[in-house]
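Colleague: I am new to this structure and would like a close look at a single part of it, the surroundings of the ligand. Please take me through it slowly.

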Amino acid sequence: MRVTKVRDYAELSRRAAAFIAGRICAEPCGAFGFATGSTPEGAYAELVRMHRCGAVDFGGIHTFNLDEYCGIPGDHPQSYRHFMMDRLFGHVNLKPGNVEIPDGMAADLDGECRRYEGRIRELGGISLQLLGIGRNGHIGFNEPGDVFSGDTAVFRLTESTVAANSRHFAPGEAIPPTAISMGIRTIMGARSILLIASGPEKRGVLDAMINGPIDPRLPASILQAHRDVSVIYCD
Ligand code: PGA
């Protein structure tokens, strides 16, 4: 694991965007995994800026997102599809047909999970997966538990995740209790992983992820077993 501490959020965002852009330039027809949350917002703004000045071309890549809430449509302002369109995908030359995000409104959610896994395989696997990390050590919606999860599946959000994510929803608006998420096996299948984290509230969980035992009670600790993980963080 290559761990880099940077000065502040602006530098984190620039470094993460440059990392992703470099990989896209190296694999212009690759499949790239993106993440939602507050942490990648600055990197996405930087990627949009880089795209506008011709420094990165999204025209040949496919994208996969880590997760999506169940039961809210893609045009709902809190859906992860909406987030990605608003922050990145809607501002770059990505082909709409090349965007894969789990469909949380699918009538057959388990079938949708299988379709998603199949699509990742069809496209030759994910070249680079971007990750954030939850304060409880979750990646995607892989919450602390007794075992590491497998493939893309429907997951129940823990109370702490519901509490953390409620800030994005209107007061009184119900947060979906379940989401489709890539599983730990899916994430570990990516050829490279870039995890970014910002703020003193992530310091403890990052330390445990990097230096603690590999333990499903801290799902991100599994990344110690991946051979190409980069971590960029700031306090
Ligand atoms: P955040 O979320 O970037 O909003 O802190 C990260 C996560 O929960 O994975």
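How far is an oxygen atom of the ligand from an N or O atom in the side chain of R167?

Modeller: Please keep in mind that this is a predicted model, and that the distance you ask about is a computed one: an oxygen atom of the ligand is placed 3.0 Å from an N or O atom in the side chain of R167. The side chain of T39 also offers an N or O atom to the ligand, with an oxygen atom of the ligand 2.4 Å away from it, whereas at S38 the partner is a polar backbone atom, which is 2.9 Å from a ligand oxygen. As for how far the ligand is covered, it would expose 280 Å² if taken alone, and the protein buries 81% of that area.

These three residues, S38, T39 and R167, belong to a shell around the ligand that also includes G37, G132, I133, G134, H138 and K202. Sorted by class, the shell is made up of six polar residues, two charged residues and one nonpolar residue. As for where this site lies in the protein, the ligand sits in the largest pocket.

Turning briefly from the ligand to the protein as a whole, the structure holds 17 salt bridges. One of the salt bridges pairs D235 with K5, and their closest N and O atoms are 3.0 Å apart. Because K5 belongs to strand β1 (residues 2-5) while D235 lies in the segment after β10 (229-234), this pair ties together parts that are 230 residues apart in sequence.

Conventions: Residues numbered from 1 in each chain as written. Predicted model: local features only at pLDDT ≥ 70, side-chain atom pairs only at ≥ 80, totals over all residues. Heavy atoms only, no water. Near = heavy atom within 4 Å. Polar contact = N/O pair within 3.5 Å; in protein donor to acceptor, adjacent residues only side chain to side chain. Areas by Shrake-Rupley, 256 points an atom, 1.4 Å probe, with all protein chains shown as cover. 1 Å grid on protein atoms, 1.4 Å probe; cavity = no way out; pocket = protein on both sides within 12 Å on 5 of 7 lines; lining within 4 Å. Sits in = over half its atoms within 2 Å of the grid points. Nonpolar A, V, L, I, M, F, W, Y, C, P; charged D, E, K, R; others polar. Salt bridge = Lys/Arg side-chain N within 4 Å of Asp/Glu carboxyl O. Helix = DSSP H or I, 4+ residues; strand = E, 2+ residues; numbered from the N terminus.
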